Amino acid sequence: MESPLDILQKFWGYTEFKPAQEEIIQTLLQKQDVIGLLPTGGGKSITFQVPALAQEGICIVISPLIALMQDQVDNLQKKGIKAVRISGKLRYDELDKLLDNCIYGNYKFLYLSPERLQQEIVQQRILQMNVNLIAIDEAHCISEWGHDFRPAYRNIQILKDLQPAANIVALTATATKEVVNDIRATLELSNAKIVRYSFKRTNISLLTEFYEDKNFALSNFLTKNSGVSIIYVRSRKATEEIKQVLAYENISAEAFHGGLNTSVKNKLLQDWISEKFRVIVATTAFGMGIDKANVRNVIHYHLPESLESYFQEAGRAGRDGKASKVLLLYNNADIIRVENQFLNVLPQPKSVKYVYKKLNTFLRIAYGEGAQTEFNFNFLNFCTKYDLPTTATYNILQLLDRTGVITLKQEYHTGYSIKFVVNANQLNYFSQKNTIFQNLLDNILRTKGGLLDYPIKLDVQKLAAKTALKKEQIEHLLKQLEQQQILELNITDQDTSIMFMVPREDERTINPLIPYIKQQYQNKKNKINAVLSFVQNNEVCKTKQILAYFGETKTKDCNNCSVCFQKKSKKPVDDKTIYRNIVMVLEKESLNSKELVKKLDFPEEDIIRILRLMLDKGLVEVSPNNYFTLTL
């Protein structure tokens with residue numbers, strides 16, 4: 001067996017492990033379970049990839065993040081390591097073949113989502129695999145206290161029944177004491193060793209700054225602090241708006257959000273990584289699995305929803321160990337807005353009951369019926385018809401999905417279904433007499449044989465590939481067949497499909513969920529209160545506040561955050577020095593107050609205060625467009 005260090009050097013090119021990595025690896029090789037708490041950028045994946053490669057058999061990795069799974073699989077495959085991810089788009093025969101390859105094909109890593117693990121075929125094949133290790137990534141999702149709770153994660157313990165001899169490593173970058181205890185209990189890891197590496201990042205300055213004009217503060221910060229940067233915002237619209245603000249200041253930036261198609265996103269990502277532009281303005285999903293070590297600045301333009309997500313995003317700065325800054329900008333409007341943004345859109349029992357009832361009405365499901373029935377579903381049409389708020393309604397549908405009432409699939413395409421209104425003999429006769437339709441009809445019947453008496457869903461993309469016809473040609477032919485009364489055609493613009501997992505029973509369906517709904521609301525409220533406390537507490541070192549939240553209480557001031565900097569500069573500001581510097585700058589050119597703040601290395605409030613004194617004494621005058629000029 002190769003040593004862990006040999007494997008690290010062979011595949012990753014490193015000569016030593018990061019702190020805590022080696023301890024986790026050695027513990028696993030000694031056949032003991034581990035709960036590993038490592039900060040973002042701490043190299044969590046190596047802690048299970050190295051011991052898996054050191055042993056015979058395959059490692060099963062459970063992860064909630066598709067992008068992160070694919071990124072890890074791609075990186076392993078580039079190193080010549082056999083790894084595979086089970087995606088949600090696989091047909092049954094493709095899934096069957098892939099799982100057989102994991103049993104007989106000498107694969108080393110199988111990546112699964114927690115939901116995919118619930119499938120019977122997956123469980124049956126895992127029973128036949130030679131599993132050497134089970135890795136649970138983003139393990140905080142197991143916990144009802146976790147900031148990204150997913151109920152499917154609480155069923156992962158089935159792996160212990162399927163592979164009782166395999167050790168488990170549960171890994172997370174953000175876990176409070178309550179979350180760790182919940183992980184231990186849920187996965188039945190009573191004897192697991194907890195390996196915790198301090199979340200403290202000595203090279204990162206945590207800065208929280210109050211500014212009414214955040215756009216000015218943002219451009220001013222980026223002008224004074226060079227290097228590759230990420231700006232996190234809460235909406236797609238904000239990414240585009242801030243991109244324009246920065247463009248006006250000649251700061252190269254691009255917007256990155258979920259509304260862009262895959263090819264555009266991939267190009268933007270590669271251009272940013274290769275530093276063809278400096279700043280990427282992104283919604284909070286950006287960054288998972290992206291390995292760029294020299295990010296110098298991470299800026300939160302809006303308040304985060306939890307300290308867990310804030311710290312995870314902050315951890316994308318300075319992975320190369322060099323000095324970096326994490327700036328959180330806020331103003332009074334943000335503090336007022338945060339409850340509306342994060343709390344008021346959360347499901348409440350009354351709203352869940354209402355939306356569930358309207359959903360059944362919209363899809364015409366009778367009481368006691370609907371179980372295992374799938375429907376095409378246009379989310380915006382549903383919200384419009386019943387005057388429902390989109391964000392809150394979507395959160396309710398997600399809740400119903402997580403709790404097993406429905407299965408929600410986002411599909412965003414035009415759906416086609418047909419029902420033949422002629423019998424087999426009539427259809428065969430028509431096809432022979434009208435050869436223009438023969439290719440299409442033969443392919444439909446070959447794929448959907450024996451279903452002449454039932455509605456048929458058509459995959460037009462696959463039909464196009466088989467028939468060598470364009471999508472538009474297929475749709476035209478189907479409409480002609482409907483006109484000739486061969487079939488009934490139904491075309492729907494759908495953005496979602498919904499399968500009902502249980503029969504409609506209105507309040508009897510929702511009432512058992514109420515304790516969970518209330519608990520999730522309280523959990524979210526506690527997290528928002530923690531964010532507000534962190535932002536507004538300017539007496540205690542910011543690093544100490546964060547570390548205390550994650551259970552590290554015996555820490556010293558970092559001397560590298562906004563609070564510590566403020567304490568260092570408590571000495572009285574020398575007004576004469578500020579005055580002399582203002583005079584020196586205005587002797588060269590007239591400037592407005594914002595331009596003065598950019599040029600002078602003094603607090604904004606002190607510069608404004610001295611300017612007002614100079615105005616009162618007639619030392620400067622201000623033009624109608626707010627430019628200051630010396631009168632000396």
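Here is a short tour of this predicted model, from the whole chain down to one residue.

**Stop 1: the whole chain**

Start zoomed out, with the C-alpha trace showing. Along its principal axes, the trace of the protein chain spans about 100 × 65 × 50 Å. Switch to cartoon and you'll be looking at 27 helices and 19 strands. If you turn on a surface, the accessible area comes to about 31,300 Å², with 48% of that belonging to carbon and sulfur atoms. Of the 632 residues, 49% count as buried. As for contacts between residues at least 6 apart in sequence, 74% of them join residues at least 24 apart.

**Stop 2: colour by domain**

Now make five selections: domain 1 is 4-196, domain 2 is 204-329, domain 3 is 345-405 + 501-525, domain 4 is 413-497 and domain 5 is 575-630. Mind the two segments when you type in domain 3. For a sense of scale, put a distance between the C-alpha centres of domain 2 and domain 4: they lie 48 Å apart.

**Stop 3: the six-stranded sheet**

Select 204-210, which is strand S8, and 253-256, which is strand S10. These are the edge strands of an open sheet, each pairing on one side only. Walk across the sheet and you'll pass six strands in the order S8-S13-S12-S9-S11-S10, with parallel pairing. The twist averages 20° from one strand to the next.

Zoom in on the S8 end. Strand S13 (residues 324-330) runs parallel to S8, and seven bridges join the two. To see one partner pair, pick Phe210 and Tyr330 in S13.

**Stop 4: helices on the sheet**

Next, add residues 236-248. This is helix H10, which packs on the sheet and touches strand S9 (229-233), S10 and strand S11 (279-283). The direction of H10 makes about 160° with that of S11.

Then add residues 307-314 for helix H12, which lies across S8, S9, strand S12 (297-300) and S13. Relative to S12, helix H12 runs at about 155°.

**Stop 5: Ile528**

Finally, select residues 514-536, helix H22, and pick out Ile528 within that helix. Is Ile528 buried or exposed? Its relative accessibility is 1%, so Ile528 counts as buried, the cut-off being under 20%.

What does Ile528 touch, leaving out residues up to four places away in sequence? Show Glu305, Val338, Phe342 and Leu343 as sticks, and you have those contacts. Add Ser306 too: 222 residues separate Ser306 and Ile528 along the chain, yet their C-alpha atoms are separated by 6.0 Å.

Methods
Residues numbered from 1 in each chain as written. Predicted model: local features only at pLDDT ≥ 70, side-chain atom pairs only at ≥ 80, totals over all residues. Heavy atoms only, no water. Domains from an automatic or database assignment. Pairing = 2+ DSSP bridges. Helix = DSSP H or I, 4+ residues; strand = E, 2+ residues; numbered from the N terminus. Axes fitted to C-alpha atoms, helices over the stretch in contact; angles between N-to-C directions. Contact = heavy atoms within 4.5 Å. Buried < 20%, exposed > 50% of the residue type's maximum accessible area, 1.4 Å probe, protein only. Areas by Shrake-Rupley, 256 points an atom, 1.4 Å probe, with all protein chains shown as cover.
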